Amino acid sequence: MNRWLVSVRNLEEVTTVLAEGPDIIDLKEPKEGALGALPSETICQAVGLIGGRCPTSATIGDLSMKPAPICHAVEQIAATGVNYVKIGLFPDGRVPDCLVALQPLAVQGVSLVGVMFADKQPNFSWISLMQQAGFTGAMLDTATKDGRNLLSHLSLAELSGFVQAVRSGGLVSGLAGSLSFEDIPKLLPLGADYLGFRSALCCAGQRQSSLDPKAIVLLKRALNRR
Ligand SMILES: O=C[C@H](O)COP(=O)(O)O
């Protein structure tokens, strides 16, 4: 698979990436952490601007693993009309409780994507719990954006194990975490459904800077998606 997800923070960036045909536009505020949330109003406006031209996802923020606040945040983000709601699974004994608590929302039709962090002891046994809770997808990302990337923390064999486990569970898989264009040939053979990007697409590779249209063109070339 050579599908790509791009994280954007505002309507201007939505317009920039829409022209390039991304496979998912992911709405998040990079200044607020790995899965920083945008205001619901901004997400609503972005969903309206995108108008169904490509699938959308949005993050709920880097929340602690308390089931009630997480479910509340998921409901709020789902109400914006995004296709997928991304939930960070930070290492904590309460992750299984959160996954169980989210099941009713999955039953109601909210498409949930659990994000584990390569630099925060990801627990691959959570994949089967996500499956049981009716999640749609599972991603790996990095929580700390410090110059290291996904491959600094997990080997290709470990990433392959993740992709296989997610696929076996019938979920959609994604890999992200400060991925560079040089990582693409290493990761494509793993067969993840999506590769996710922001830093590599920003001016000077800084994820809090604005998107650089030239970098998006280079990404598409690296993915053979011209
Ligand atoms: O969901 C994907 C992430 O937003 C990727 O961002 P990053 O490349 O800055 O780690």
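**Lysines, ligand shell and core**

Colleague: Where is the place of Lys 28?

Modeller: The model is predicted. In it, strand β2 covers 24–27 and helix α2 covers 40–50. Lys 28 sits in the loop between β2 and α2.

Colleague: Is Lys 28 buried or exposed?

Modeller: The cut-off for a buried residue is 20 or more other C-beta atoms within 10 Å. Lys 28 has 24 such atoms, so this residue is buried.

Colleague: Which residues does Lys 28 touch, not counting residues up to four places away in sequence?

Modeller: Leu 35, Gly 36 and Leu 38 are among them. So are Ala 58 and Thr 59. The list is completed by Ser 7 and Arg 9.

Colleague: At which residues does UniProt place the feature "active site"?

Modeller: The UniProt entry is unreviewed. Its "active site" feature falls at Lys 28 and Lys 86. They span 59 residues in sequence, yet no two of their C-alpha atoms are more than 9.9 Å apart, so they gather at one spot. The positions from the record are Lys 28 and Lys 86.

Colleague: In which strand is Lys 86 found, and is Lys 86 buried or exposed?

Modeller: Lys 86 belongs to strand β4, residues 84–88. Around Lys 86 there are 28 other C-beta atoms within 10 Å. The names asked for: strand β4, and buried.

Colleague: With which residues is Lys 86 in contact, leaving aside its neighbours within four places in sequence?

Modeller: Leu 35 is one of them. Val 113 and Val 115 also count. The list closes with Ser 57, Ala 58 and Thr 59.

Colleague: How many residues surround the ligand?

Modeller: The closest are Ser 7, Ala 176, Gly 196, Arg 198 and Ser 199. Strands β1 (3–8) and β8 (194–197) each supply at least two residues of the shell. By type, the shell divides into five nonpolar, six polar and five charged residues. The total is 16.

Colleague: Which strand gives the most to the largest nonpolar core?

Modeller: That core has 69 residues. Val 74, Val 85, Ala 138 and Phe 197 touch the most other members. With five residues, the strand that gives the most is β5 (residues 112–117).

Colleague: What radius of gyration does the chain have?

Modeller: The chain comes to nine helices and eight strands. Its C-alpha atoms fill a box of roughly 45 × 40 × 30 Å along the principal axes. A compact globule with 226 residues would have a radius of gyration near 17 Å, which agrees with the chain's value of 16 Å.

Technical notes:
Residues are numbered from 1 along each chain as its sequence is written. This is a predicted model: local features need pLDDT of at least 70, side-chain atom pairs count only at pLDDT 80 or more; totals for chains, interfaces and linings use all residues. A residue is near a molecule or strand if its C-beta atom, placed from the backbone, lies within 6 Å of it. Helices (H or I, at least four residues) and strands (E, at least two) are DSSP runs, numbered from the N terminus. Ala, Val, Leu, Ile, Met, Phe, Trp, Tyr, Cys and Pro count as nonpolar, Asp, Glu, Lys and Arg as charged, and the others, Gly among them, as polar. UniProt positions are given in the numbering used here, feature names are shortened, and annotations may be inferred rather than shown by experiment. A residue is buried if 20 or more other C-beta atoms lie within 10 Å of its own, exposed if 12 or fewer, and partly exposed in between; C-beta atoms are placed from the backbone. Two residues are in contact if their C-beta atoms, placed from the backbone, lie within 7 Å. A nonpolar core is a set of buried Ala, Val, Leu, Ile, Met, Phe, Trp, Tyr and Cys residues joined through C-beta atoms within 7 Å. The radius of gyration is taken over C-alpha atoms; the globule rule is 2.2 Å times the number of residues to the power 0.38.
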